[in-house]
Amino acid sequence: MKKVTNVFWIALVLIALAVGYGALAPEHFAEVTGNIESFLTTSFGWYYLLIVSVMVLFCLYFLVSPMGQIRLGKDTDKPEYSFATWIAMLFSAGMGIGLVFWGAAEPLSHFAIDPATAEPGSQEAFRESMRFTFFHWGIHAWAIYAVVALSLAYFQFRKGEPGLISSTLRPLFGDRMKGPWGVLVDVIAVFATAVGVATTLGFGAIQINGGLAYLFDGIPGDSLITQIIIIAVVTVLFMISSWSGLSKGIKYLSNTNMVLAVTLLILVIVLGPTLLIFNMFTDSLGSYFQNLINMSFRAAPINGENRSWIDGWTIFYWAWWISWSPFVGIFIARVSKGRTIREFLFGVLLIPTFISFIWFAAFGTTAIDVQSSGVDLTGLLTEETLFAVFNELPLGMLLSIVAVLLISTFFITSADSATFVLGMQTSNGSLDPANAVKLTWGIAQSTIAVILLFAGGLGSLQTALIIAAFPFSFIMLLMMASFYKSLNLEYKAIKRKR
């Protein structure tokens, strides 16, 4: 219990300090974190490009390796959830609100506002916008999550270790991970999870507010009071879900998410430029694979303008996914017991990537088509873009209603999943953390989000989270080495027995 108490209180104090700094001195906090982030992306962009590419190769190797037949659990263990429910749960935790928030806005930005290399508004910018959006939300993002989830699931369910990040490093460092170094590793994971989800709650509230303002004339857009009310309502809902347990609350919410997401996707494909969507999906898929290696290592060392774009988009995303990997990885690991390594990687790496590609092809193509028709969307806030696109389609009101419902259920699922993960991490890896612990973290996350919305510090805290990704990236490299060492020894032992 001593270690649990240390992780809990140290993480809570660090979070309180960061949030207090951001709330009381938002301008100075923004300046300091912005300078550090700028230094990391400028000086270590090459490092992010390399390590994320290594993670992709790492996952692909085990996808095809004979070691992929080993089960994440005992040989007799079977999966707890059906394949469809499992995909829904990991997809809801892994992307969720992000897909709705950026589905139309990112491709539009790459096309009309800030293209990677092409002229804004050109046909080349259209093709480029979809290719780079696929790149940012594709295999690389899910490989980052898979590295953490695979290592955790293997050591927790196969080796009987506690479900902690520190436990995955014991093959390299032994019992030293049971002392202060292990506490440090787990504190970094808890900090990243709590702050990351709190930031997302804030952004989710902003987008729900934007959607409601589009739907109902009496609701003001970008209203702090409205956003706080939204967070309060969602907090009650996700705490009820969290209280009901993993197999009920998150399971049912995740399945609801997928039904709403598929419904919205089909409606956009049917009501939007259907033929253009399918053509762009096919063309962009080919372009993505054709340019994958080039995009993965593209650093633009002698072109300052291109380099700035890479820092602002690709490096930002790689750091953002790394900062989210403790939360998403721990949750995916928890729901993946009983699956083989190969099945796990197929489900985590390939299926969500394919779904994301279809999503961005539909929403991105529709947004660009609306922009090209003469309706200028470039001056809107990010959270307003999606609803402005819907406003130009038949049944726009219906689409907006479904989108608000989807954002809300994604919102609840992310917060619900996070309270579970935080409970695990501060209960020595317990698979069933106490409701009181989950309640504490749920209230803490919502409180952080409200304080930062009030102080205008969400963006700065997001920057701080990206900074936290830098040290965690080294932990991820150690996790890969530790996982390979342990699995390779086990596989050799299995071969000898045969």
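Here is a short conversation about a predicted model of one protein chain.

Reader: Hi! To start, how many helices and how many strands does the chain have?

Author: Good place to begin! Counting along this predicted model, the helices come to 19 and the strands to zero.

Reader: How does the radius of gyration relate to what the globule rule gives for 498 residues?

Author: The globule rule gives 23 Å for 498 residues, and the chain comes close to that, so it is as compact as a globular protein of that length. Along the principal axes, the C-alpha atoms fill a box of roughly 65 × 45 × 45 Å. The radius of gyration itself is 22 Å.

Reader: What share of the residues counts as buried?

Author: A residue is called buried when its relative accessible area is under 20%. What remains accessible on the chain adds up to about 18700 Å², with 66% of that belonging to carbon and sulfur atoms. Of the 498 residues, the buried share is 61%.

Reader: Which residues touch the most other members of the largest nonpolar core?

Author: That core holds 175 residues. One of the residues you are asking about, Phe390, is in contact with residues including Leu264, Val268 and Phe363, leaving aside neighbours within four places in sequence. The full answer is Ile165, Phe344 and Phe390.

Reader: Now for charges. Which residues are linked with Arg158 in a network of salt bridges?

Author: Side chains of opposite charge can pair when their charged atoms come close. Arg158 meets Asp75 in a salt bridge at 2.8 Å, N to O. This pair links distant parts of the chain, with Arg158 in helix 7 and Asp75 in the loop between helix 2 and helix 3. Besides Arg158, the network is made of Asp75, Lys159 and Glu490.

Reader: How many residues apart are Arg158 and Glu490?

Author: Their side chains meet in a salt bridge, 2.7 Å from N to O. This pair too links distant parts of the chain, as Arg158 lies in helix 7 and Glu490 in helix 19. In sequence, they are 332 residues apart.

Reader: Is Asp75 buried or exposed?

Author: Let's set it beside its partner: Arg158 has 12% relative accessibility, so Arg158 counts as buried. For Asp75 the value is 58%, and exposed means over 50%. Asp75 is therefore exposed.

Reader: Which residue forms a salt bridge with Asp311?

Author: Look four residues away, about one turn of the helix, within helix 14. Asp311 is buried because its relative accessible area is 13%, and its partner counts as buried at 15%. The closest N and O atoms are 2.9 Å apart, and the partner is Arg307.

Reader: Helix 14 also holds Ser308. How far apart in space are Ser308 and Thr41?

Author: Ser308 counts as partly exposed because its relative accessibility is 48%. Along the sequence, 267 residues separate Ser308 from Thr41. From C-alpha to C-alpha, the distance in space is 9.4 Å.

Reader: Last one! Which residues form a nonpolar patch on the surface together with Ile240?

Author: Ile240 sits in helix 10, residues 224–244, and counts as exposed because its relative accessibility is 55%. The patch has about 570 Å² of accessible area together. Its other members are Ile225, Ile229, Val233, Val236 and Leu237.

How values were computed. Residues numbered from 1 in each chain as written. Predicted model: local features only at pLDDT ≥ 70, side-chain atom pairs only at ≥ 80, totals over all residues. Heavy atoms only, no water. Patch = residues over 30% accessible without salt bridge, like charges linked within 9 Å, V, L, I, M, F, W, Y side chains within 5 Å. Areas by Shrake-Rupley, 256 points an atom, 1.4 Å probe, with all protein chains shown as cover. Salt bridge = Lys/Arg side-chain N within 4 Å of Asp/Glu carboxyl O. Helix = DSSP H or I, 4+ residues; strand = E, 2+ residues; numbered from the N terminus. Buried < 20%, exposed > 50% of the residue type's maximum accessible area, 1.4 Å probe, protein only. Core = buried A, V, L, I, M, F, W, Y, C linked by side-chain atoms within 4.5 Å. Contact = heavy atoms within 4.5 Å. Rg over C-alpha atoms; globule rule 2.2 N^0.38 Å.
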